[in-house]
Amino acid sequence: MNKDISKELFEKAQRYIPGGVNSPVRAWNAVGGYPPFIKRGEGAYIYDEDGNCFVDYFSSWGPLILGHCHRDVVQAAMSAIEKGTSFGAPTEIEVKLCETIVRTVPSIEMVRLVNSGTEAVMSAIRLARAFTGKKKIVKFEGCYHGHWDPLLVKAGSGLATANIRSSAGVPEEIVKDTVVIPYNCTSAVQQAFDRYGDDIACVIVEPVAGNMGTVLPVDGFLQSLREITKDNNSLLIFDEVITGYRISLGGAQERFKVFPDITCLGKIIGGGLPVGAYGGRREIMEKVSPLGDVYQAGTLSGNPLACACGVATLEVLLRNNIYDEMEERTKKLCNAIEEIALSKGIKIVINKIASMFTIFFTEGKRVENYETVSKCNGEMFRKFFSLSFEQGLYFPPSPYETSFLSAAHNDDIIDKTISSMEKIFKGLKS
């Protein structure tokens, strides 16, 4: 596999960019070597600067649910850019995107667009504190909610891959009001409220964790969060930056029938362009400036290019029920991998839901929190990643990440991937 150009570009990038990458998750620290530099994408495939072709199983970390360069999204982007890239003033397309979000996400009555998932989360928590008059935040080990200081504690994939538990530069006084407890542990939630209940503004959770690999909520976990926050006049925030429009059209909240007070969105609602949003009940959102006294602003919020691509993506999802088909293909792939691993005597657990999945190399039978994730075999994952890459399969370069299918991953691609898995697991066994 030719990688000379990528190697040269990575060496050049390291002179100008910390670590040679503009986001730590793009580095190959967990798997060794250096990343390919991507030149273009088409459907379920990406092509690097050296001309190598890969089946893309991380979909730009989730937003490309339709695959690369979907015709409708490309046409929307080109049409929008011909009119202008940014105005700093209201546009019709941002209203259309917000209207679609309100129509499709069950708990959202009003929504504010921002530029990233991090910005959505920090704004949602500021709003929750203002609405409740309380300070403390409850979050869960292994859940990542962006790189905002109070939440960079035991925060999932990026930090875990780098083998650090929190970021340098975050003073202790900044995180003193952040309460961190194990994911899927209802008793720990109750203990937190028994101790701090009068001062807990909100509980924030990935309803399906995607930043310690795919980890599903155990039965009753999300329901218990809904009940305990209501009982204590706290707000429940769902971070659906990954799961929004990925788990179902209405996100994880629609699938699990648990409805939060505030929802954070990103990724898919921008169709591959930078975007974020937070929304919720009208009485809560009306506290946001200029209606209320919770200030939040952004020059590029509601950017017309991002909104145009987001609207185009959501319109395709509304016209076509692609979710059942993607889930069936995900099951087909994961079930085949499990059978192949079993036949080779290799212990794995695959967590999957909708078009999300993660292969955990572990002796255990269940992976349901950060503690069990952290005990998985990192060396086996490195070998799996390397062998997959050689077979032209590009999985996320960290054992703490989620893999994604898109609508462009057709049966032929899945069948070819399964055939490659026979060679990959044979190599793992040797």
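Here is a short conversation about a predicted model of a protein chain, starting with the whole fold and ending at Ile181.

Reader: Happy to dig in! How many helices and strands are there in the protein chain?
Author: Both kinds of element are present in the chain. The count comes to 15 helices and 14 strands.

Reader: What radius of gyration does the protein chain have, set against a compact globule?
Author: Good place to look next. A compact globule with 430 residues would come out near 22 Å. The value for this chain agrees with that, and the C-alpha trace spans about 60 × 55 × 45 Å along its principal axes. The radius of gyration of the chain is 21 Å.

Reader: What share of the contacts in the protein chain with a separation of 6 or more comes from residues 24 or more positions apart?
Author: Some context on packing first: 56% of the 430 residues count as buried. Among contacts with a separation of 6 or more, the share from residues 24 or more positions apart is 73%.

Reader: Now to Ile181: is this residue buried or exposed?
Author: Ile181 is found in strand β6, which covers residues 178–181. Its relative accessibility is 7%, and the cut-off for buried is under 20%. Ile181 therefore counts as buried.

Reader: Which residues does Ile181 touch, leaving out those up to four places away in sequence?
Author: One of them is Phe140, 41 residues apart from Ile181 in sequence. In space, the C-alpha atoms of Ile181 and Phe140 are 5.0 Å apart. With neighbours up to four places away not counted, Ile181 touches Val138, Lys139, Phe140, Glu141, Ala188 and Val189.

Notes:
Residues numbered from 1 in each chain as written. Predicted model: local features only at pLDDT ≥ 70, side-chain atom pairs only at ≥ 80, totals over all residues. Heavy atoms only, no water. Helix = DSSP H or I, 4+ residues; strand = E, 2+ residues; numbered from the N terminus. Buried < 20%, exposed > 50% of the residue type's maximum accessible area, 1.4 Å probe, protein only. Contact = heavy atoms within 4.5 Å. Rg over C-alpha atoms; globule rule 2.2 N^0.38 Å.
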